[in-house]
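Work through the following exercises with the sequence and the coordinates open beside you. Each task is followed by a solution that goes step by step.

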Amino acid sequence: MKPIHLAAGVLAATVATTAQAETPVLTVYTYDSFVSDWGPGPVIEKAFEEVCDCDLQFVGTGDGAALLARVKLEGARSDADVVLGLDTNLTAAATATGLFAPHSVDVAYDVPMEWTDPNFVPFDWGYFAFVYNDGITPPKNFRELADSDLKIVIQDPRSSTPGLGLLMWVKAAYGDEAPEIWAGLADNIVTVTKGWSESYGLFLEGEADMALSYTTSPAYHLIAEEDATKHAAPFSEGHYLQVEVAGKLANSDQPELADKFLEFMVTDAFQSAIPTTNWMYPAVTPKDGLPEGFETLITPETALLVPSDDAPALRDEALQEWLQALSK
């Protein structure tokens with residue numbers, strides 16, 4: 001009977017392998033916090049696989065700005081079908097690579113700007129802000145922060161979209177005076193981390209008075225931890241807007257599945273997960289609205305945003321100013 005058992009085992013293994021091979025795989029590059037246990041990734045993976053008859057595989061690639069660098073390095077050979085986690089500071093540079101294909105998503109977005117980009121679909125948005133604990137008197141603007149003894153942690157603009165957002169925030173608010181602002185802030189900066197998770201973790205561990213994050217970050221502490229001691233400091237210059245997006249790669253070997261994912265991204269199943277996993281505003285407000293606690297967040301009086309087409313040149317200028325100030 002042994003040969004019969006062996007043959008049956010081989011047949012079962014062959015059937016399983018064939019079934020697995022027939023299941024299409026959609027590979028989505030994104031940033032690390034998105035795929036963490038507490039991020040949106042696990043929830044969205046389960047929800048999409050219930051409707052796609054596929055295997056959705058998220059691949060964490062560091063922080064947001066590192067996504068574009070990796071895709072550019074891999075070029076047409078990239079394993080990615082979709083890149084999720086770029087923002088408007090990077091979309092023009094991403095389009096210029098020729099690696100992204102147009103999408104067909106047509107929906108009314110709830111982002112605070114008109115959205116017309118043919119290659120990228122928004123999935124969430126928010127405003128950058130410095131988050132602090134009770135007991136700190138927050139500065140009212142960048143000049144007050146620079147004049148204070150407060151210690152801050154920020155992210156590297158070469159690898160992190162919040163870090164890049166901070167550069168654009170200072171540049172949009174102060175223009176030619178941006179180098180002066182950075183010179184003043186240099187001694188406030190405890191460290192510059194590669195990504196958001198590292199710097200926010202240092203803040204939570206008490207290594208700094210404030211961390212560069214989002215106006216929505218206090219919602220996490222309030223809703224998930226019942227902790228009302230974290231706040232976002234309102235700045236009189238206004239706050240820089242971030243809209244996070246996803247796009248399909250032109251050389252995807254699963255183009256129809258990639259399109260299906262982008263369509264799924266603006267549905268309730270995806271968008272309802274954003275407020276309490278990615279702790280941002282959804283690009284399309286779910287039918288049940290925002291969770292209780294979001295109404296406590298500050299609303300910037302002025303929204304700052306550099307047009308995506310202008311961002312590459314301004315980014316290069318702002319980066320040089322930042323590097324020069326921090327090297328002194």
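Axes are lines fitted to C-alpha atoms, for helices over the stretch in contact, and the angles between them run from 0 to 180 degrees between N-to-C directions. The model used throughout is a predicted one.

**Exercise 1.** Describe how helix 7 and helix 8 are arranged relative to each other, and state which residues meet.

Solution. Begin with the axes: those of helix 7 (residues 161-174) and helix 8 (residues 178-185) come within 8 Å and cross at roughly 125 degrees. Angles from 65 to 115 degrees count as roughly perpendicular and those over 145 as roughly antiparallel, and the two helices are therefore oblique to each other. Next, list the contact: from helix 7, Leu 166, Leu 167, Val 170, Lys 171 and Tyr 174 take part, and they meet Ala 178, Ile 181 and Trp 182 of helix 8. Sorted by character, the residues of this contact comprise seven nonpolar, no polar and one charged.

**Exercise 2.** Determine how far helix 7 extends, and whether its residues are mostly buried or exposed.

Solution. For the length, 14 residues at 1.5 Å a residue should span 20 Å, and the end C-alpha atoms of helix 7 are 20 Å apart, which agrees. For the burial, the criterion is a relative accessible area under 20%. Twelve of the 14 residues of helix 7 are buried, so this helix is largely enclosed by the rest of the structure; among them are Leu 166, Leu 167, Val 170, Lys 171 and Tyr 174.

**Exercise 3.** Place strand 6 in its surroundings, and identify what stands opposite Val 153.

Solution. Consider the faces of strand 6 (residues 152-155), both of which are covered, since Ile 152 and Ile 154 on one side and Val 153 and Gln 155 on the other are all buried. Turning to the pairing, strand 6 runs parallel to strand 7 (residues 189-193), to which four bridges join it, and it also pairs in the parallel sense with strand 8 (residues 210-214), over two bridges. Val 153 accordingly has Thr 191 opposite in strand 7 and Ala 211 opposite in strand 8.

**Exercise 4.** Is Thr 61 buried or exposed, and which residues are in contact with it?

Solution. Locate Thr 61 in the loop between strand 2 (55-60) and helix 4 (64-74). Its relative accessible area is 12%, and Thr 61 is buried. Leaving aside neighbours within four places in sequence, Thr 61 is in contact with Tyr 29, Thr 30, Asp 32, Ala 66, Leu 67 and Arg 70.

Definitions and conventions: Residues numbered from 1 in each chain as written. Predicted model: local features only at pLDDT ≥ 70, side-chain atom pairs only at ≥ 80, totals over all residues. Heavy atoms only, no water. Parallel < 35°, antiparallel > 145°, perpendicular 65-115°, else oblique. Contact = heavy atoms within 4.5 Å. Nonpolar A, V, L, I, M, F, W, Y, C, P; charged D, E, K, R; others polar. Buried < 20%, exposed > 50% of the residue type's maximum accessible area, 1.4 Å probe, protein only. Pairing = 2+ DSSP bridges. Expected span 1.5 Å × (residues − 1).
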